[in-house]
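Work through the exercises below with the structure at hand, and try each task before reading the solution that follows it.

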Amino acid sequence: MITRQVFLWVGFVVAVVLTLLPAVLLDGARAEDATPTPEEYVGHVGGDSQLLQPGEFELDGRRQSCGQRPVVIDNKLDDYGAAYPGFLIMNPRLLDKVSTPVKQWIFAHECGHQFRGPDEETADCFAVQRGRRQGWLLPEGLEEVCNFIAPAKGDSMHFSGSHRCEYMRKCYADPTVR
Ligand SMILES: [Zn+2]
């Protein structure tokens with residue numbers, strides 16, 4: 001998650017799964033086996049949600065890849081993007097409102113959760129280092145990302161936007177990939 005800064009990897013998955021898949025759980029599957037597949041997610045959300053194969057998703061005409069992870073398009077998501085273990089969710093309705101580097105940073109942040117787990121700062125760092133390496137995140141773009149997350153308030157669990165930004169600037173400048 002980007003704006004709420006809450007990556008409810010376990011809680012949200014379990015909550016949705018309990019709603020979606022009572023049959024599976026009643027069959028005695030363990031909760032960690034019951035993460036929804038992208039197909040199940042699309043089936044649950046319905047509407048114009050859509051499942052894209054790995055590498056099919058584009059932002060402003062640029063193909064986005066996150067290893068072999070598929071992308072679900074969900075314009076009703078309450079955030080710009082999200083990640084489940086195994087797939088990403090992107091919300092074009094909100095993504096349309098931000099610049100290209102910010103869009104790509106959001107995708108890369110959610111991709112970071114795929115490879116680095118639920119920690120927000122680690123996902124932020126993954127995203128900016130990937131952007132630097134791949135050439136789509138210049139210092140100006142990083143400033144746009146900082147402005148984008150600036151309004152996010154910190155709480156006991158999450159750093160405020162300015163703290164996240166400070167950390168991302170360090171990661172961006174750090175030649176060691178984290
Ligand atoms: Zn996140």
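Helices are DSSP runs of H or I with at least four residues, strands are runs of E with at least two, and both are numbered from the N terminus. The model is predicted.

**Exercise 1.** Determine how many helices and strands the protein chain holds, and in which order they run.

Solution. Counting by this definition gives eight helices and six strands in the protein chain. Reading from the N terminus, one then finds the order α-α-α-β-β-β-β-β-β-α-α-α-α-α.

**Exercise 2.** Work out the strand order of the open sheet, and explain why β1 and β5 each have one side without a neighbour.

Solution. The open sheet is formed by four strands, in the order β1-β4-β6-β5, and the pairing is mixed. Because β1 (50-52) and β5 (81-84) stand at the edges with a single partner strand each, one side of each has no neighbour in the sheet. Between neighbouring strands, direction ignored, the average turn is 25°.

**Exercise 3.** Describe how β1 is joined to β4, and which helices pack on the sheet.

Solution. Start with the strands: β1 and β4 (residues 71-73) run antiparallel and are joined by three bridges; in one of the pairs, Q50 has I73 of β4 as its bridge partner. Next, turn to helix α3 (residues 38-45), which packs on the sheet and touches β1, β4 and β6 (87-90), its direction making about 160° with that of β1. Finally, helix α5 (residues 100-116) also packs on the sheet, where α5 touches β5 and β6 and makes about 15° in direction with β5.

Conventions: Residues are numbered from 1 along each chain as its sequence is written. This is a predicted model: local features need pLDDT of at least 70, side-chain atom pairs count only at pLDDT 80 or more; totals for chains, interfaces and linings use all residues. Two strands pair if DSSP finds at least two bridges between them. Axes are lines fitted to C-alpha atoms, for helices over the stretch in contact, and angles run from 0 to 180 degrees between N-to-C directions. Two residues are in contact if their C-beta atoms, placed from the backbone, lie within 7 Å.
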